Amino acid sequence: MPSSVTLIVALGAAVAGFVQGLSGFAFGLVAMSIWVWVIDPQLAAALAVSGALAGQVIAAFTVRRGFAIGLLAPFVLGGLAGVPLGAFLLPHLDIHWFKAVLGAVLVLWCPAMLLSKDLPRITFGGRIADAVVGLGGGVLGGLGGFTGTLPTLWCTLRGYERDVQRAVIQNFNLSMLAVTLVVYVASGLITRSMLPMIGLVLPAMLVPALIGARIYVGLSEAGFRGLVLSLLTASGVALLVSALPHLLR
């Protein structure tokens, strides 16, 4: 693999590791927004799941926020049904559709997160709605490790306090990413040829994830979150601009 690709993969892992360590989620989104330009979606998904799971294991030991089983259970039950579906869809994705879908997720989700503090709290639906959101998180997890995208937005709209949200998302991501990795290995989505790249991603994201987790303990996320989400929105626009001309032909 060209050295430029190796460098970009390592850079994406480092940036994504830091963001995940700071916020508890978004490794897949950050990494994919960088990797999708240089590697195919199946390899990118395998790297994203591996890196995100490693980050969640690190967070479990460095940023402990309890275990809210009552809040967590519906998300996990829904996610368990969604992961196999996402993994099944992954090999059948077209690269341009993949860019378009990922770009649309970034463009829709990131501004929503930026504006979420001004939106009214969602109180309807109860555990059934939480399970449906968990199902969506599981599907996105199977597609590339995006397990925290929908649940994070949902918990924010639910009005959960920062540490409560971190506990739900951190434990949901940890369990869903572990299941996703098992499904990937069992279904052959992770091959021996991918192991060197996985071996590159894990050390590249380790120190940035630890730094991000350390900063999280004593620093407000507001300013940094705004910067990251703005950059991700721009990445989403770029992905859509890249993909749409091919889809419209």
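**Entry 1: salt bridges**

I began by looking for salt bridges in this predicted model, and I found that the structure holds one. The partners are Arg158 and Asp130, whose closest N and O atoms are 3.0 Å apart. I noted that Arg158 sits in helix H7 and Asp130 in helix H6, so the pair ties together parts that are 28 residues apart in sequence. Are these two residues buried or exposed? I checked, and both Arg158 and Asp130 are buried. A reminder to myself: side chains of opposite charge can pair when their charged atoms come close.

**Entry 2: a proline beside the pair**

Next I looked up Pro74, which belongs to helix H4. What does Pro74 touch, leaving aside residues up to four places away in sequence? I found Arg127, Asp130 and Ala131. So here I met Asp130 again, the salt-bridge partner of Arg158, because Pro74 touches Asp130 too. Pro74 has a relative accessible area of 6%, and because buried means under 20%, I wrote Pro74 down as buried. For a longer distance, I compared Pro74 with Thr6: their C-alpha atoms are 39 Å apart, and their positions lie 68 residues apart in sequence.

**Entry 3: helix H4**

I then followed the whole of helix H4, residues 69-89. H4 has 21 residues and reaches 30 Å from first C-alpha to last, close to the 30 Å expected at 1.5 Å a residue. Where is the kink in H4? I located it at Leu80, shortly before the proline Pro84, with a bend of about 30°. Buried residues of H4 include Leu72, Phe75, Val76, Gly79, Val83 and Ala87. I wanted to know what covers the buried residues, and the cover includes helices H6 (126-144), H7 (149-158) and H8 (162-187). A handy thing to remember while looking at any such list is that an α-helix has 3.6 residues a turn, so residues three or four places apart point the same way.

**Entry 4: a glutamine in H8**

Since H8 is part of that cover, I picked out Gln170, which lies in helix H8. Gln170 counts as buried because its relative accessibility is 6%. A polar atom of the Gln170 side chain lies 3.4 Å from the backbone oxygen of Ala59.

**Entry 5: helix H1 and its end**

I moved on to helix H1, residues 3-23. The 21 residues of H1 should span 30 Å at 1.5 Å a residue, and the end C-alpha atoms are 30 Å apart, which agrees. Among the buried residues of H1 I listed Val5, Val9, Ala13, Gly17, Leu22 and Ser23. Ser23 has a relative accessible area of 15%, so I count Ser23 as buried. Just after H1, I saw that Gly24 takes a positive phi of about 90°. I also looked from Ser23 across to His246: the two are 223 residues apart along the chain, and their C-alpha atoms are separated by 34 Å.

**Entry 6: cysteines**

My last search was for disulfides. How many does the whole structure hold? I found zero. Why does Cys110 have no such bond? The closest cysteine sulfur, in Cys155, is 17 Å from the sulfur of Cys110, too far for a bond. The cut-off for a disulfide is 2.5 Å between the sulfur atoms. I looked at the surroundings as well: Cys110 is buried, at a relative accessible area of 0%, and Cys155 is buried, also at 0%.

Methods
Residues are numbered from 1 along each chain as its sequence is written. This is a predicted model: local features need pLDDT of at least 70, side-chain atom pairs count only at pLDDT 80 or more; totals for chains, interfaces and linings use all residues. Side-chain values use heavy atoms; hydrogens and water are left out. Buried means under 20% relative accessible area, exposed over 50%, partly exposed in between (1.4 Å probe, protein chains only). Helices (H or I, at least four residues) and strands (E, at least two) are DSSP runs, numbered from the N terminus. The expected span of a helix is 1.5 Å times one less than its number of residues. The bend at a residue is the angle between axes fitted to the seven residues ending there and the seven starting there. Contact means heavy atoms within 4.5 Å. A polar contact is a pair of N or O atoms within 3.5 Å; within protein, one must be able to donate a hydrogen and the other to accept it, and residues adjacent in sequence count only if both atoms are side-chain atoms. A salt bridge is a side-chain nitrogen of Lys or Arg within 4 Å of a carboxyl oxygen of Asp or Glu.
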